[in-house]
Protein chains: 2
Amino acid sequence: MTKPIAPHNSRPTMRDVAALAGVGIKTVSRVVNNEPNVSKTTAERVRQAADELNYRPDRFAGNLRRLDRSTQAIGLLLADASDPFEAVMQRAIESEIETRDMVMFTMSLDENENRQMRAVEEMLDRRVDGLIIMPVASSEGHLVRYQDAGLPVVFIDRSAKGASADTILTNNREASALAAEQFVSLGHRYLGVVGRSSTIETERDRKAGFLDGAERACEDIVDVAVEMGADDEELVEAAVRRLLSKEQPVTAIFATQNSVTVAVIGALHRMGLQHQVALIGFDDFPLADLVEPGITVLRQDPAAIGRLAAIRLLDRIDGEDGASRLDIVPSRLVRRGSGEIPGPAHKRA
Amino acid sequence: MTKPIAPHNSRPTMRDVAALAGVGIKTVSRVVNNEPNVSKTTAERVRQAADELNYRPDRFAGNLRRLDRSTQAIGLLLADASDPFEAVMQRAIESEIETRDMVMFTMSLDENENRQMRAVEEMLDRRVDGLIIMPVASSEGHLVRYQDAGLPVVFIDRSAKGASADTILTNNREASALAAEQFVSLGHRYLGVVGRSSTIETERDRKAGFLDGAERACEDIVDVAVEMGADDEELVEAAVRRLLSKEQPVTAIFATQNSVTVAVIGALHRMGLQHQVALIGFDDFPLADLVEPGITVLRQDPAAIGRLAAIRLLDRIDGEDGASRLDIVPSRLVRRGSGEIPGPAHKRA
DNA sequence: GTGAAAGCGCTAACAT
DNA sequence: ATGTTAGCGCTTTCAC
């Protein structure tokens, strides 16, 4: 805390380059921006001078006067950048925008509405060219005025209420229904759902999809017990215990999310019931095939989701102005054993 | 691709606010920047006008003339932002800088030297206040001139050659030595190391530490077979098979890294040897306690590493100018079973 | 306590 | 093919 701030910005300016090359400043500007109407020899001389001085244009100064104030940067607003699923999406987005020499700010919102509002403001103050948002707010209405002013937005992983924009989702409901149907067809009649807070849209959709599937598949009576709000390992364990100590104990469990699935596995292992109670989880994870039994999951494709989100955003930045598009990236059932444990009503083949 | 670019930047300027408030532009500037010498009533009038117009200062225009051209942004250069370990570091850094209203660009380098050089240039062009780098280059010499010009840099996870800066590391060698010592004390005499490419510093350190430990612990003869360059699942499986089909097959394996450990577990399971061959892995992961046997690991603390890196960088940005510091964040051995499988020379208690 | 003028590094618009 | 002038939105300097 002693030295006066050392500014790493005594860089050469366009004027310096112009002086050294013996040309006007506008000619340097032309060369730097690859504009036409500069003779080959002059251009070469300018480039030499720039190299010699180690000149790098100041993109912010340029943008001040330029009409399309593009920063070649986008903002990525995630629920939690440390989540493995989101980390893969982030990386896929990076790979996509990198082909256009764009970069990305990442911010985590922690399911907090106020954080989202502040993050959007922060990104706008930094003049990002567009925003990819995993929305956590109850309404995205606060975005509309920015969209009206021309800000491109893409929603990812969750749909948004109160604002319209391109959206990339997983087939939460359909895939979850599949899980329920498989349970019923294997003879399970008392099913359980364990999930995190219902304020999260994907959680609601997966629960609803599972309920739909159970209803559709219903051969006899099918009963589904729902335990949402299991936001940490202890709460999941408590939920599992409740499901298994009901009057009619559950024989199959659907976990709505990665970390929930892992916690359910832990709970079942501690009770020694991992081979008795069927389990299907939403989202895949490492080692799912190596625990006993292997865990049946609905595998999402976060890389595809991220890539598509970036492509849509870049299209909008390029001026594409059609109606909002909705893309659904399918998840698929990966059978590994835990989801294939038969239930009491199972008719042997 | 049809509509002309819609610029989301017809924002009100300081002049507009000044006009509405009936004051000079400099007075608005004073209010916006909380400078003294503005009467309470004038300040209030200005703030009202700003609110009414929804005014937001243009930070880039401001910085053009300002002496300390701080952007309140840092660059984070990782090997691969989708890696869970790095994702947690990233999030910890974000949490730390957020307390200062700073934001972060993240770029992935993919162990590619050229990508690192381009990423650094890109960040500098964007005038970041500092850089946190997980170095992938053989030499970081290219950074020195920027550091000399005052750019604060912190290295994370790996030390750098050819440049000096604050560095945050895990105790790779010591922790790895511990693994070897435990194997030997449990009666193992033929040990194996499986790791990724030796060009990565952490891989080299962990291997070297393990060899050190084996040597120090040596009661009889201890033989260590090394299999580096196992960069994907198939290569790991092949490496494991080689270790187990040697003249003197290995009875204990040390995996240098998360994904390697997971692949080794898979290979051992497929051979049905997971209860015969001891295994310790560097870095923890979900479900490590739920496979059979539970996996003994050297657990790192990526959140602490990230937090510390951010703190060091912020200190440097604040002008701290002491000699480069080295911080070691300890990893600790978490025993879960796989690392406690005894070897042939084990003396029963 | 307040404001007018100059200028940050660059691009736009118009010369030549 | 090249240069000149004004001005982007703000801060600095200096005068009142």
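Here are some notes on a predicted model, covering a strand in chain A, the contact with chain B and the surface near DNA strand C.

1. A good place to start is strand β4 of chain A, residues 153–156, which is covered on both faces. Side chains in a regular strand alternate between the two faces of the sheet. Here, Val153(A) and Phe155(A) sit on one side, Val154(A) and Ile156(A) on the other, and all of them are buried.

2. Now look at what β4(A) pairs with. Strand β3 of chain A, residues 130–133, runs parallel to β4(A), with three bridges between them. If you want a spot to find this pairing, try Ile133(A), whose bridge partner in β4(A) is Phe155(A).

3. There is also a pairing with strand β5 of chain A, residues 166–170: β4(A) and β5(A) are parallel too and joined by three bridges. Ile156(A) has Ile168(A) as its bridge partner in β5(A).

4. Next, the contact between the protein chains: chain A and chain B put in 52 residues each. On the chain A side, α4 (59–65), α5 (84–98), β2 (103–108), α6 (113–125) and α11 (258–271) each give at least two residues. That side is made up of 26 nonpolar, twelve polar and 14 charged residues.

5. Finally, the DNA. Around DNA strand C there are 25 residues, and the ones that come nearest are Met14(A), Ser29(A), Gly62(A), Gly24(B) and Leu64(B). Helices α2 (25–32) and α4 of chain A, along with α2 (25–32) and α4 (59–65) of chain B, each supply at least two residues of this surface. By class, the surface has ten nonpolar, nine polar and six charged residues.

Key
Residues are numbered from 1 along each chain as its sequence is written. Chains are lettered from A and ligands numbered from 1 in the order in which they are written. This is a predicted model: local features need pLDDT of at least 70, side-chain atom pairs count only at pLDDT 80 or more; totals for chains, interfaces and linings use all residues. A residue is buried if 20 or more other C-beta atoms lie within 10 Å of its own, exposed if 12 or fewer, and partly exposed in between; C-beta atoms are placed from the backbone. Helices (H or I, at least four residues) and strands (E, at least two) are DSSP runs, numbered from the N terminus. Two strands pair if DSSP finds at least two bridges between them. Two residues are in contact if their C-beta atoms, placed from the backbone, lie within 7 Å. Ala, Val, Leu, Ile, Met, Phe, Trp, Tyr, Cys and Pro count as nonpolar, Asp, Glu, Lys and Arg as charged, and the others, Gly among them, as polar. A residue is near a molecule or strand if its C-beta atom, placed from the backbone, lies within 6 Å of it.
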